[in-house]
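User: I am new to this structure and would like a close look at one part of it, the empty space shut inside. Could you walk me through that, and then through whatever else helps me find my way around?

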Amino acid sequence: MLMKRHVGVNIVACPLCGDHEETVEHLFVACGFAQVIWTVVAQWCKIQDMFAFSYKDILDIHKYEKRSVKWKKVVNAINITTIWSIWKARNDTVFENKEALIQRTIGEIKAISFLWVKARSKNTALNWEIWRRFDLQFVGW
Ligand SMILES: [Zn+2]
């Protein structure tokens, strides 16, 4: 916003790749780090041909799949967790000088989304093994 008003601020490079200006669209969609994360998350959730050209597309991914309401809720929770985890990786890089690692971020996304969905769901059959493999048909979703 300051740059738009021509207030003297330097362009801030994306802390995750260092190659582009840090914008919402870049950080969560176009950045190489985010692209790998979304690809791995899509493979894990068995979503084929996940196309996201904007931040809004990412928020809406679950809506375009012909799946159950429960599946859509679960994938929406995973998408929100993924956005939060990318933001956390960015903040850890900026404020804690920690290198953003794909595997660590993926591990966080799976663990945090599991705890979130497990806490919100009354489905007692859901466990870590089912979640890790994303075999939601085993819990009737
Ligand atoms: Zn970047």
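Analyst:

**The enclosed space and the zinc site**

The largest cavity holds about 50 Å³ of space. Please keep in mind that this is a predicted model. Counting cavities of 30 Å³ or more gives 1. As for how such a space is found, rolling a probe the size of a water molecule over the atoms shows where empty space is left.

Let's go around the walls. The lining of the largest cavity is made up of Ser85, Lys88, Ala89, Asp92, Glu99, Ala100, Leu101, Arg104, Thr105 and Glu108. By type, these lining residues are 3 nonpolar, 2 polar and 5 charged. Two helices, helix 4 (69-96) and helix 5 (102-120), each give at least two residues to the lining. Helix 4 has the largest share, with 4 residues.

One of the lining residues, Ala100, is a handy guide to the surroundings. Alanine 100 sits in the loop between helix 4 and helix 5. Setting aside neighbours within four places in sequence, alanine 100 is in contact with Leu16, Phe33, Ala89 and Thr93. Of these contacts, Ala89 also belongs to the cavity lining. Another link reaches back along the chain: alanine 100 and proline 15 are 85 residues apart in sequence, yet their C-alpha atoms are 9.1 Å apart in space.

From here we can turn to the zinc ion. Its donors are Cys14 (SG), Cys17 (SG), His26 (NE2) and Cys31 (SG), at 2.1 to 2.4 Å. Along the sequence, these donor residues follow the spacing C-x2-C-x8-H-x4-C. The angles among the 4 donor atoms run from 104 to 117°, and the site is tetrahedral.

How do some of these donors sit with respect to the surface? Cysteine 14 has a relative accessibility of 2%, so it counts as buried, the cut-off being under 20%. Cysteine 17 has a relative accessible area of 29% and is therefore partly exposed. Histidine 26, at 7%, is buried.

Histidine 26 also has a place in a helix, namely helix 1 (residues 24-30). Not counting residues up to four places away in sequence, histidine 26 touches Cys14, Cys17, His20, Glu21 and Cys31. Among those, Cys14, Cys17 and Cys31 are also donors to the zinc ion.

To retrace the route, we began at the cavity lined in part by helix 4 and helix 5, used alanine 100 in the loop between them, and ended at the tetrahedral site of the zinc ion.

Notes:
Residues numbered from 1 in each chain as written. Predicted model: local features only at pLDDT ≥ 70, side-chain atom pairs only at ≥ 80, totals over all residues. Heavy atoms only, no water. 1 Å grid on protein atoms, 1.4 Å probe; cavity = no way out; pocket = protein on both sides within 12 Å on 5 of 7 lines; lining within 4 Å. Points joined across faces, edges and corners; volume = space filled by probe spheres on them. Nonpolar A, V, L, I, M, F, W, Y, C, P; charged D, E, K, R; others polar. Donors = N, O, S within 2.8 Å, 3.2 Å for Na, K, Ca; no water. Tetrahedral: all angles 85-135°; square planar, octahedral: opposite > 155°, others 65-115°. Buried < 20%, exposed > 50% of the residue type's maximum accessible area, 1.4 Å probe, protein only. Contact = heavy atoms within 4.5 Å.
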